[in-house]
Amino acid sequence: MAELGVQADISGARDTSSSVGDFFELMKPRVMSLVVFTALTGMVAAPGSIHPVLAFIAILAISVGAGASGALNMWYDADIDAQMQRTVSRPIPRGRVSAEDALAFGSFLSAASVLMLGLLVNWTAGALLALTIGFYIFVYTMWLKRRTVQNIVIGGAAGAFPPMIGWAAVTGGVSVESVLLFLIIFFWTPPHFWALSLYRCRDYERAGVPMLPVVSGPAETRRQIVLYSLVFIPIAISPYFIGLGGLSYLAVSSVLGAVFLKLAFDVRRITEGREADAAAKKLFLFSILYLFAVFGVMLLEKIVLRVLA
Amino acid sequence: MSGPSEYPVPLTDKQVAARRHRSIAIALALGALVLLFYAATIVRMGGNVANRPLSVIGAGVLNGVLR
């Protein structure tokens, strides 16, 4: 288990032994993989076509932009990261990268990714990427995260933009379908993060982050998880009804959606002991699988349709 | 009384190696960026580069050469 608060170097002092891997870790590679995947789905689902080289550049720019905002988030949140078990091993609290270097790294990559996407693909996508990075850093990280219990509800928009950016990279615009892809991730975020915060409640409490279980208590969090899940699952199924998803999409999103709801109700029902933590953890992990599954099926359907066309 | 401190502080072997690796990574990233911009330029221009009208000066020079 990681020790809390050790070697927390958030003073900005330079550490000249930072490795390339440390900087890569600043980019939150696991979050980046989800961003790449959802952006790729948005791109493939969009009507029209894009040259493979430009598609590669778009995906690269979106992933670098996501990584850059991760680095800036780690720079700003280094003080609370040092107090939380989940984040204490990050490069800045561990003293492997200085806060100053993380700021420079994140700022440079943010500007570079937006310029690359705007200049080489199109400026609608570039502007959306800039909006995503700005929203994540200024709205979520700096403004909402430490102030309101609605932090991840509103801040979740930042994570929901990538498929819309992918879509815009192909079409040059925003449409109902791309807004729906946005809404799927937007409504997925609260049950996903609140499930995590239920079993990491002490971490957030110690760091003073006003997550829902800390401010309103676990019972209210469980109620909100169920409510948001009840809104989320119909939205996740709805691409079928506007032709964005096919029959396999309908089947996967519905069946796994039913499992999602069952797990959400389990979280509501099991409120005591380790079983309660286990139920929350199960929902958290399943929510990741669910998002990958629905976007994966949509991606596969579109690829198959293009191959057959 | 202690002697004058050495400034800048000499780097350790580990720090020198880390700096070298970072420099290589930056060089590779810049090289990749140049290639990406080149490839994107070619893709965006497509066949149009061969179909563009020649400039007056260019046409004059070409005429002279061909004569």
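In this predicted model, A:Ile165 touches seven residues that lie more than four places away in sequence: A:Ala39, A:Gly42, A:Ile62, A:Ala125, A:Leu128, A:Leu129 and A:Thr132. A:Ile165 also belongs to the largest nonpolar core, a set of 96 residues. Within this core, A:Ile165 is listed among the residues with the most contacts, together with A:Met43, A:Ala58 and A:Ala71. Helix H3 of chain A gives the most to the core, with 13 residues. Residues of the core come from both domain 1 (19–174) and domain 2 (176–309) of chain A, so the core lies between the two domains. As a general background, nonpolar side chains in soluble globular proteins tend to be buried together.

Helix H14 of chain A covers residues 273–308 and can be checked with a little arithmetic. At 1.5 Å a residue, its 36 residues should span 52 Å, and the 53 Å between its end C-alpha atoms agrees with this expectation. Which residues of H14(A) are buried? They are A:Ala279, A:Ala280, A:Leu283, A:Phe284, A:Ser287, A:Tyr290, A:Leu291, A:Val294, A:Phe295, A:Val297, A:Met298 and A:Glu301. The partners of these buried residues are four helices of chain A: H2 (29–45), H9 (176–199), H12 (218–237) and H13 (247–269).

Attention now turns to where the two chains meet. Here, 10 residues of chain A are in contact with 12 residues of chain B. On the chain A side, helix H3 (residues 52–76) makes the greatest contribution, with three residues. Sorted by class, this side of chain A holds five nonpolar and five polar residues, while charged residues are absent. Helix H3 of chain A thus appears twice in this account, as the main contributor to the side that touches chain B and as the main contributor to the largest nonpolar core.

Chain B itself has a simple make-up, with three helices and zero strands. Read from the N terminus, its elements follow the order α-α-α. Of its 67 residues, 0% count as buried. One residue of this chain, B:Gly31, sits in helix H1, which runs over residues 13–45 of chain B. Is B:Gly31 buried or exposed? B:Gly31 counts as exposed because it has 10 C-beta neighbours inside 10 Å, and the cut-off for an exposed residue is 12 or fewer. Further along the chain, B:Gly46 follows B:Gly31 by 15 residues, and a distance of 23 Å separates the C-alpha atoms of the pair.

Methods
Residues numbered from 1 in each chain as written. Chains lettered and ligands numbered in written order. Predicted model: local features only at pLDDT ≥ 70, side-chain atom pairs only at ≥ 80, totals over all residues. Helix = DSSP H or I, 4+ residues; strand = E, 2+ residues; numbered from the N terminus. Expected span 1.5 Å × (residues − 1). Buried ≥ 20, exposed ≤ 12 C-beta atoms within 10 Å, placed from the backbone. Contact = placed C-beta atoms within 7 Å. Nonpolar A, V, L, I, M, F, W, Y, C, P; charged D, E, K, R; others polar. Core = buried A, V, L, I, M, F, W, Y, C linked by C-beta atoms within 7 Å. Domains from an automatic or database assignment.
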